[in-house]
Amino acid sequence: MIELQGLTKTYGDKTVVSDISLRVERGEFSVLIGPSGCGKSTTLRMINRLIPLTQGRILLGDEDVTRLPAEQLRRRIGYAIQSIGLFPHWTVADNIAVVPNLLKWPRARIASRVDELLDLFHLDAGEFRDKYPHQLSGGQAQRVGVARALAADPEVLLMDEPFGAVDPLTREVLQNEMRRVHEQTGTTVIFVTHDMDEALKLASRIALLDAGRLVQYDRPIELLTAPAESFVSDFIGKADLGLKLLSRRWVHQYQQAATMSSEAPHHWETDAQGHPTCLHGGRPTTDVAPSVAVTDDWTATPGMTMKEALSRMVWYRVGVLPVIDDAGRLVGEVTLEGVMGRQP
Ligand SMILES: Nc1ncnc2c1ncn2[C@@H]1O[C@H](COP(=O)(O)OP(=O)(O)OP(=O)(O)O)[C@@H](O)[C@H]1O
């Protein structure tokens with residue numbers, strides 16, 4: 001648990017963070033969001049003492065962060081930033097091992113932790129351990145940056161726009177990876193972004209800031225459906241609210257049994273292993289073939305957002321998607337009627 005109490009930062013007579021109080025429970029993924037200059041990074045950097053606070057308190061568990069010895073601060077609070085900050089003349093392994101080395105862990109423990117972290121980020125340890133930062137793609141370097149922040153298994157991971165500098169496709173891959181890593185490690189995360197879609201995808205709780213003030217701190221669904229003031233709905237944007245809501249809904253919540261009966265308006269064909277091979281019917285328009293071979297592109301998985309599932313339905317002009325498990329077997333379906341028939 002980490003708690004900010006009346007956190008305030010002033011530069012001269014300018015207050016850039018004003019009396020912010022909030023509590024991040026253990027294991028939570030908390031996102032600080034707001035317009036440029038609203039004080040997100042300053043708030044984050046006060047937590048790990050990169051910026052001294054003017055007033056207020058920060059508690060980690062029941063300890064005052066400003067009184068923690070530097071060595072404990074490094075071990076207990078990890079930090080990952082957009083520009084990554086990998087040391088260019090150090091290998092990936094040495095970069096990841098910065099904090100364990102400072103903490104004087106035994107060599108064997110450090111080596112196995114490095115391999116474990118590379119594995120967590122799906123980077124082959126044999127291939128990447130001895131590479132240098134200039135030999136990595138932007139996405140790989142960003143993964144190494146986050147792995148480094150997690151190296152000493154911190155209680156809290158602070159992330160400042162960590163995916164801001166990568167292309168949109170890589171960004172999406174990294175966001176999915178971050179969700180998985182967070183689920184696997186259970187680390188408490190405080191994540192700064194100015195991208196609402198990113199916040200909605202990752203956050204269990206969102207803190208919306210405006211001009212240094214905390215406007216609303218709530219679960220994403222509350223921000224969408226019960227904004228505390230008009231600034232909240234203006235910031236989120238009303239135009240695609242329905243789609244934003246679907247970005248917080250998951251395929252498994254809408255999944256129903258796969259239709260197999262050839263009497264039904266649509267039904268699936270599967271191979272001997274249970275992989276879907278063909279959809280008969282299920283296409284809302286009549287100018288396309290009534291049967292269509294299933295390709296990976298228009299399948300859904302239980303953990304996919306309904307926004308993505310809906311997008312696939314629109315793109316492939318089908319009113320139904322097969323839901324498949326890790327082995328590619330048909331385990332259910334989601335339909336356009338299923339999306340329209342429920343409150344989002
Ligand atoms: N050292 C400083 N001296 C004076 N003002 C500062 C200093 N550092 C930051 N500020 C001001 O504090 C405000 C908050 O800055 P901060 O970097 O926290 O905003 P942010 O919400 O993270 O913005 P962005 O999304 O653009 O990164 C800004 O108006 C900035 O100009």
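Guide: Start with a definition: two residues are in contact if their C-beta atoms, placed from the backbone, lie within 7 Å. The model here is predicted.

Visitor: Which residues does I190 touch, not counting residues up to four places away in sequence?

Guide: With those sequence neighbours set aside, I190 touches V24, S30, L32, L44, I47, V156 and L158. I190 is also one of the five residues that touch the most other members of the largest nonpolar core, together with V31, A147, L158 and I96. That core has 67 residues.

Visitor: Which helix gives the most to this core?

Guide: Helix α7, residues 138–150, with 6 residues. A second core, separate from the one just described, has 18 residues, L246, M306, V318 and V323 among them.

Visitor: How many residues of α7 are buried?

Guide: The cut-off is needed here: a residue is buried if 20 or more other C-beta atoms lie within 10 Å of its own. In α7, 10 of 13 residues are buried, and the helix is mostly covered. The buried residues are A141, Q142, R143, V144, G145, V146, A147, R148, A149 and L150. They pack against two strands, β6 (77–81) and β7 (156–160), and against the helices α3 (92–96), α4 (98–102), α5 (107–120) and α8 (168–185).

Visitor: How far does α7 reach from its first C-alpha to its last?

Guide: The distance is 19 Å for 13 residues, which is close to the 18 Å expected at 1.5 Å a residue.

Visitor: Where does V114 lie?

Guide: In helix α5, one of the elements that the buried residues of α7 pack against. V114 counts as buried because 24 other C-beta atoms are within 10 Å. Beyond its neighbours within four places in sequence, V114 is in contact with A93, I96, A97 and R129. Its C-alpha atom is 8.3 Å from that of A147, and the two residues are 33 residues apart along the chain.

Visitor: Why does T301 count as partly exposed?

Guide: T301 has 17 C-beta neighbours inside 10 Å, so it counts as partly exposed. The range between the buried and exposed cut-offs is bounded by 20 or more on one side and 12 or fewer on the other. T301 lies in the loop between β13 (291–293) and α14 (306–316). Apart from neighbours within four places in sequence, T301 is in contact with V251, V323 and I324; V323 is included in the second core. The C-alpha atoms of T301 and G274 are separated by 15 Å, with the two residues 27 residues apart along the chain.

Visitor: In what order do the 4 strands of the open sheet lie?

Guide: The order is β2-β1-β4-β5, with antiparallel pairing. The edge strands, β2 (14–24) and β5 (63–64), each pair on one side only. Between β1 (residues 2–11) and β4 (residues 55–60) there are 5 bridges in the antiparallel sense.

Visitor: Which residue in β4 is the bridge partner of E3?

Guide: L59 is the partner of E3, while R57 is the partner of Q5. L59 also stands opposite D64 in β5. The strands β4 and β5 run antiparallel and are joined by 2 bridges. They form a hairpin with 2 residues between them, and G61 in the turn has a positive phi of about 65°.

Visitor: Which residues surround the ligand?

Guide: The ligand is surrounded by Y11, V16, G34, S36, G37, C38, G39, K40, S41, T42 and H194. Helix α1 (residues 40–47) gives the most to this shell, with 3 residues. By class, the shell divides into 3 nonpolar, 7 polar and 1 charged.

Visitor: How many helices and strands does the protein chain have?

Guide: There are 15 helices and 15 strands. The protein chain has 344 residues, of which 35% count as buried. Its C-alpha trace spans about 70 × 55 × 35 Å along the principal axes. Among contacts with a separation of 6 or more, 62% come from residues 24 or more positions apart.

Definitions and conventions. Residues numbered from 1 in each chain as written. Predicted model: local features only at pLDDT ≥ 70, side-chain atom pairs only at ≥ 80, totals over all residues. Core = buried A, V, L, I, M, F, W, Y, C linked by C-beta atoms within 7 Å. Expected span 1.5 Å × (residues − 1). Near = placed C-beta within 6 Å. Nonpolar A, V, L, I, M, F, W, Y, C, P; charged D, E, K, R; others polar. Pairing = 2+ DSSP bridges.
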